[in-house]
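Okay, thanks for having me, everyone. Let me put the structure up and then walk you through a few spots I've been looking at.

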Amino acid sequence: MSRRVRRKVIKKGKVVSASYPEIEEDFIGLEVNEAVDWTSLPDDTVIQLFSCLNYRDRASLSSTCRTWRVLGASQCLWSSLDLRAHKFDAAMVVSLASRCVNLYKLRFRGAESADAIIHLQARNLREISGDYCRKITDAALSVIVARHEALESLQLGPDFCERITSDAIKAIAFCCPKLKKLRLSGIRDVNTEAINALAKHSPNLVDIGFLDCLNVDEAALGNVVSVCFLSVAGSSNIDWSVVSNSWHKLPKLVGLDVSRTGIGPTVVSRLLSSSQSLKVLCALNCPVLEEDTSFSTGKNKGKLLLALFADILKGISSLFADTTMKGKNVLLDWRNSKTNDRNLDEIMTWLEWILSHTLLRTAESNPQGLDDFWLKQGAALLLSLMHSAQEDVQERAATGLATFVVIDDENASIDRGRAEAVMRDGGIRLLLNLAKSWREGLQAEAAKAIANLSVNANVAKAVAEEGGINILAGLARSMNRLVAEEAAGGLWNLSVGEEHKGAIAEAGGVKALVDLIFKWSTGGDGVLERAAGALANLAADDKCSMEVAVAGGVHALVMLARNCKFEGVQEQAARALANLAAHGDSNGNNAAVGQEAGALEALVQLTRSPHEGVRQEAAGALWNLSFDDRNREAIAAAGGVEALVALAQSCSNASPGLQERAAGALWGLSVSEANSIAIGREGGVAPLIALARSDAEDVHETAAGALWNLAFNPANALRIVEEGGVPALVHLCASSVSKMARFMAALALAYMFDGRMDEIAPMGPLSESTSKSVSLDGARRMALKHIEAFVHTFSDPQAFAAAAASSAPAALAQVTERARIQEAGHLRCSGAEIGRFISMLRNPYPILKACAAFALLQFTIPGGRHAVHHASLMQSAGAARILRAAAAAATAPMEAKIFARIVLRNLEHHQAEPSL
């Protein structure tokens with residue numbers, strides 16, 4: 001796979017609450033090499049700088065001098081902590097506890113961090129927000145709230161809190177009398193006792209969210225008379241008749257969110273018409289409501305219904321008396337205005353939160369039939385929400401953009417229309433600006449969105465033009481693994497485009513990606529897969545491949561192939577090594593990979609992986625590496641012959657890509673006669689014949705090449721006959737659409753029946769053990785007939801007649817052009833192979849003479865990659881004399897004569913060239 005998209009809200013980075021754009025603007029234009037006397041900065045500037053760092057960097061910077069140690073301990077710097085991107089355990093608590101006396105806000109991730117919060121001794125903590133809460137238990141949550149009685153806001157989600165029950169909710173009610181906001185996701189059962197406890201003991205509770213819960217007691221929610229904002233989005237098993245009869249009585253209910261539920265038009269109408277306080281009802285992605293095409297909200301003036309069939313931003317603008325606030329800029333206009341309307345500000349703040357949550361959840365589930373919504377409203381809504389002052393809203397909006405464009409994350413497929421809608425609305429520049437934020441959570445989510453959008457070539461071009469490559473290369477150097485991972489994913493997708501590879505290298509992206517592998521060599525499968533995938537794409541470019549090697553990429557990738565157990569990393573590391581080794585003589589990477597300790601052994605071992613993608617890329621790497629003579633023998637010594645034969649035997653039902661690479665690796669190894677003999681003895685002939693029967697052109701062409709090499713050895717030639725290979729090769733020779741497949745099949749048949757196999761073959765019928773009844777004579781007649789037919793397909797009668805009547809270069813050139821197989825110029829033959837074709841010119845079978853001359857023509861055509869090498873071998877073998885004899889032989893076929901004359905002309909051309 002050459003690119004990757006990410007749909008799910010899997011990982012988020014760290015966010016720091018304080019934001020000082022004026023400092024950001026000053027520092028953007030600061031040259032790295034400018035001298036700055038940091039010790040002369042005013043104290044308030046230093047404190048602002050400290051506020052932009054995570055707690056580890058803050059502590060590290062504080063250790064540089066006594067003054068900064070004092071400033072770094074300022075209580076204003078420790079009012080908020082975001083620990084999501086860091087390991088927060090009991091040991092870390094000890095180092096932070098003394099600074100957290102006045103901690104006001106805390107964001108954490110996972111059960112281990114939740115357990116550590118208990119010991120933080122932050123008695124004044126007001127806000128706790130956690131994600132990845134699946135493993136948090138009632139006991140842990142109960143102790144947390146018991147230790148923090150001043151708590152005003154508790155949010156756990158958006159992933160499901162599977163182990164939290166109503167018992168923990170009761171503990172929250174009993175322990176947190178000042179609680180104002182409670183949002184919990186994925187609770188299995190929120191029962192009557194829990195909700196009544198909240199109603200009784202949390203009189204200030206104005207914002208309740210029970211999201212994606214399995215059961216919520218809707219009748220008990222009608223008892224929480226303090227609630228102003230209520231969300232049950234995504235919750236199931238709600239009795240809407242109870243809701244219809246009770247929730248409209250809530251005296252302070254201003255905003256209600258029932259998105260992604262089964263609410264119908266009757267209940268919606270009842271709530272809007274009966275509630276005296278309700279101003280906003282959000283019912284996005286509610287199928288029952290949306291199916292009623294006759295439903296109208298015009299009767300309830302002064303009340304807003306947000307639904308997919310309505311203009312959402314226009315509806316929101318109706319909340320404002322100021323008529324200038326309208327259209328898609330309403331959220332931005334509100335943020336920039338000074339309404340002095342606290343109630344309206346609270347509604348808008350809540351609306352931002354629930355919209356970002358519902359849009360993300362909808363994007364994740366990707367229901368059918370929403371294309372029109374996403375193109376006309378969804379993209380604009382997400383972009384508008386990315387301007388929010390609420391960090392979690394910004395993050396969810398960026399993640400929503402990364403998610404809603406994805407059609408198929410396994411195949412890296414995105415919706416072109418959605419991606420380009422984001423681009424048209426200015427989303428690329430906005431995302432890149434967020435990626436430059438010093439808040440690591442935003443960096444990670446913005447980089448993820450950029451990565452997914454960049455699967456589209458037009459968006460990738462826009463990202464590059466807006467300076468996105470430099471931004472992503474910088475983020476790839478982040479000490480925050482989650483940020484680096486998403487940035488590496490962005491570079492992975494951008495590096496698919498040939499036009500971006502050089503820019504990534506110039507931005508220092510190659511070095512950053514290699515460094516990532518060393519930095520996160522353990523415990524970072526996601527970042528390792530993305531870094532290796534990006535390096536694989538870059539290594540396909542000759543110049544970039546050399547930069548990868550210079551940056552230490554060979555060692556890094558071999559280390560992954562040897563040590564990493566995650567199949568995605570193994571696959572991309574093997575693909576990167578394959579691409580590094582694919583440049584032949586243009587650079588020394590092929591040899592360098594082979595010489596890296598443990599590289600070949602690791603790749604051989606990966607061919608035995610249970611994962612097809614890993615096997616395919618490992619076989620591809622061995623194929624490319626086998627072009628180097630030393631590598632070829634080293635692969636065999638590392639058990640490559642046995643492993644690749646076993647792979648070929650097992651891949652009859654595999655993908656064409658794996659089949660091609662398995663056959664290709666055997667083809668590469670079989671260049672050596674010793675390896676060719678070993679492949680035959682290990683049982684490699686039968687699976688190659690099976691692959692030669694494949695309908696996939698690349699597969700049968702590669703298998704034909706391997707069989708051609710194997711057939712050079714008489715024992716292997718006999719095995720091919722015994723295993724039924726003649727009909728398979730004859731079929732290729734006659735019917736393949738690939739000229740190369742037909743050519744190599746014909747050469748394999750010529751090797752098999754030029755007489756050398758007769759010295760070891762039994763007379764008459766083949767051995768009974770093969771259950772074959774075809775005699776060698778019959779097989780020979782079949783083979784020679786189709787070799788002749790193959791050669792004739794390149795014989796134009798008029799051109800041959802002109803060439804026979806005249807030795808003019810133009811006439812021979814016309815024949816050459818008609819006969820030329822372009823790809824054959826890349827084949828490299830040994831002296832023994834060239835010698836065999838020269839000997840074949842004197843074979844008693846006329847068609848083999850023509851076939852040999854045709855082959856030598858292909859190998860010596862000027863401009864061919866190895867034409868000079870082949871000409872040199874022929875001159876050393878005294879081929880000119882034999883060619884002249886063939887050209888003049890009265891009994892030789894016309895094709896043999898003309899092709900022999902062309903080969904002589906080619907030799908003269910190469911002899912006249914300067915020695916290379």
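**Two helices, some rings and the confidence**

So, let's start with helix H47, residues 846-860, and helix H48, residues 867-876: their axes come within 7 Å and cross at roughly 130 degrees. Angles from 115 up to 145 fall outside the perpendicular and antiparallel ranges, so H47 is oblique to H48. Who makes the contact? On the H47 side you've got Leu-856, Phe-859 and Thr-860, and H48 brings in Ala-867, His-870, Ala-871 and Met-874. Sort those by class and you get 5 nonpolar residues, 2 polar ones and no charged ones.

Keep an eye on Phe-859, since that residue turns up again in a cluster linked by ring pairs. The other members are Trp-708, Phe-712, Phe-743, Tyr-751, Phe-790, Phe-794, Phe-800, Phe-837, Phe-854 and Phe-899. Over the whole structure, we count 17 aromatic pairs.

Now, which charged end sits over the ring of Phe-712? That's Arg-836, 4.9 Å from the ring centre. There's another case with Arg-183, whose charged end sits over the ring of Trp-353, 4.0 Å from the centre.

One word on confidence, as this is a predicted model. The chain has a mean pLDDT of 89, with 93% of residues at 70 or more. Where does pLDDT stay under 50? One such stretch is residues 6-32, and the model still gives that stretch 92 contacts beyond four places in sequence. Residues 768-773 are also below 50, and there the model has 5 contacts beyond near neighbours in sequence.

Okay, that's my tour. Happy to take questions.

Terms used. Residues numbered from 1 in each chain as written. Predicted model: local features only at pLDDT ≥ 70, side-chain atom pairs only at ≥ 80, totals over all residues. Heavy atoms only, no water. pLDDT = per-residue confidence, 0-100. Contact = heavy atoms within 4.5 Å. Phe/Tyr/Trp six-rings, centres within 6.5 Å; stacked < 30°, edge-to-face > 60°. Lys NZ or Arg CZ within 6 Å of the ring centre and 35° of its normal. Axes fitted to C-alpha atoms, helices over the stretch in contact; angles between N-to-C directions. Helix = DSSP H or I, 4+ residues; strand = E, 2+ residues; numbered from the N terminus. Parallel < 35°, antiparallel > 145°, perpendicular 65-115°, else oblique. Nonpolar A, V, L, I, M, F, W, Y, C, P; charged D, E, K, R; others polar.
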